[in-house]
Amino acid sequence: MDAKTDVEIIARDTVFQGYFRVDRYRLRHRTFAGGWTQEIVREVFERGHAVVVLLYDPERDAVALIEQFRPGALAAGWHPWLIECVAGIIEEGEHPDDVARRETNEETGADPIDIVPVGNYLVTAGGSSESCRLYCARVDSSRVEGLHGLAHEGEDIKVLVLPAAEALAMCRDGRVNNAMAVLALQWLALEKADLRRRWGVAAP
């Protein structure tokens, strides 16, 4: 299938514009059997695109995570203070690498020693265009602590420095329960040995 030839966008209208935007699409697309679907109407949440940064200290085998309030978790009936990775929206004209470094400093006070691109993924393609570009940043976790965030953006962020094994255990028992952090920590569990070799640090 090819989006250019196998999708017909009949109309696209912005039906809400606030802090975020919602667009309504009327479209049809080719089916696997070779025909076309009937007209489909879907709303798409336009949140923008983001970077996600897992902060890892290979010398101490530790990760730095953050904790902050999330209204979506509140609306879902979940505990609204989530343990997450550093993350931020990519503004128009910004390079994702620069956003990763900026957000790391704003949300934790850390300056990455090195930054490794991991990959890109769609957050929830059934209803949003948002994608995330995941990085792993090498940091000195002994210098990462305290409260951070930009007051004019309503941020109130607490830094947590944990052994990598404990952070992974928190994924297993549900204390870390947002997709970005779970994905990043599971990636680290799989790739830690290669990452440490890249940075010239022996196994713990």
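Is Asp-61 buried or exposed? Work through the exercises to find out.

This is a predicted model, in which local features need pLDDT of at least 70, side-chain atom pairs count only at pLDDT 80 or more, and totals for chains, interfaces and linings use all residues. Residues are numbered from 1 along each chain as its sequence is written, and side-chain values use heavy atoms, with hydrogens and water left out.

**Exercise 1. Classify Asp-61 and its salt-bridge partner by accessibility.**

Step 1. Take the cut-offs: buried means under 20% relative accessible area, exposed over 50%, and partly exposed in between (1.4 Å probe, protein chains only).

Step 2. Asp-61 has 14% relative accessibility, so Asp-61 is buried.

Step 3. Find the partner. A salt bridge is a side-chain nitrogen of Lys or Arg within 4 Å of a carboxyl oxygen of Asp or Glu. Asp-61 forms one with Lys-192, at 3.0 Å from N to O. Asp-61 lies in the loop between β4 and β5, Lys-192 in helix α5, 131 residues apart. Here helices (H or I, at least four residues) and strands (E, at least two) are DSSP runs, numbered from the N terminus.

Step 4. Lys-192 has a relative accessible area of 19%, so Lys-192 is buried.

**Exercise 2. Do the same for the salt bridges of Arg-138 and Arg-70.**

Step 1. Arg-138 pairs with Glu-59, and their closest N and O atoms are 3.2 Å apart. Strand β9 holds Arg-138, while Glu-59 sits in the loop between β4 and β5, 79 residues apart.

Step 2. Arg-138 is buried because its relative accessible area is 15%. Glu-59 reaches 55%, so Glu-59 is exposed.

Step 3. Arg-70 meets Glu-84 at 2.9 Å, N to O. Arg-70 is in the loop between β5 and α2, and Glu-84 is in strand β6, 14 residues apart.

Step 4. At 25%, Arg-70 is partly exposed. Glu-84, at 3%, is buried.

Step 5. Place these pairs in the whole count: the rule gives 20 salt bridges. A network of them links Asp-57, Arg-60, Asp-140 and Arg-143.

**Exercise 3. Describe the surroundings of strand β9.**

Step 1. β9 covers residues 131–138, and six of its eight residues are buried.

Step 2. Two strands pair if DSSP finds at least two bridges between them. β4 and β9 run parallel and share seven bridges. One of the partners of β9 residues is Leu-55, which is bridged to Ala-137.

Step 3. β8 (residues 114–122) runs antiparallel to β9, with eight bridges. Asp-114 has Arg-138 as its bridge partner.

**Exercise 4. Describe the largest pocket and the second largest pocket.**

Step 1. Set the terms. On a 1 Å grid over the protein atoms alone, a cavity is a set of points where a 1.4 Å probe fits but cannot get out; a pocket is an open set with protein on both sides within 12 Å along at least five of seven lines, and lining residues have an atom within 4 Å of a point. Grid points are joined across faces, edges and corners, and a volume is the space filled by probe spheres set on the points.

Step 2. The largest pocket holds about 1,400 Å³. It has 42 lining residues, and Phe-20, Arg-47, Arg-70, Ile-89 and Glu-130 are the closest to its centre.

Step 3. Helix α3 gives the largest share of this lining, four residues.

Step 4. The second largest pocket has a volume of about 160 Å³. Its lining includes Arg-42, Glu-43 and Leu-122. Strand β3 (residues 40–46) supplies the largest share, three residues.
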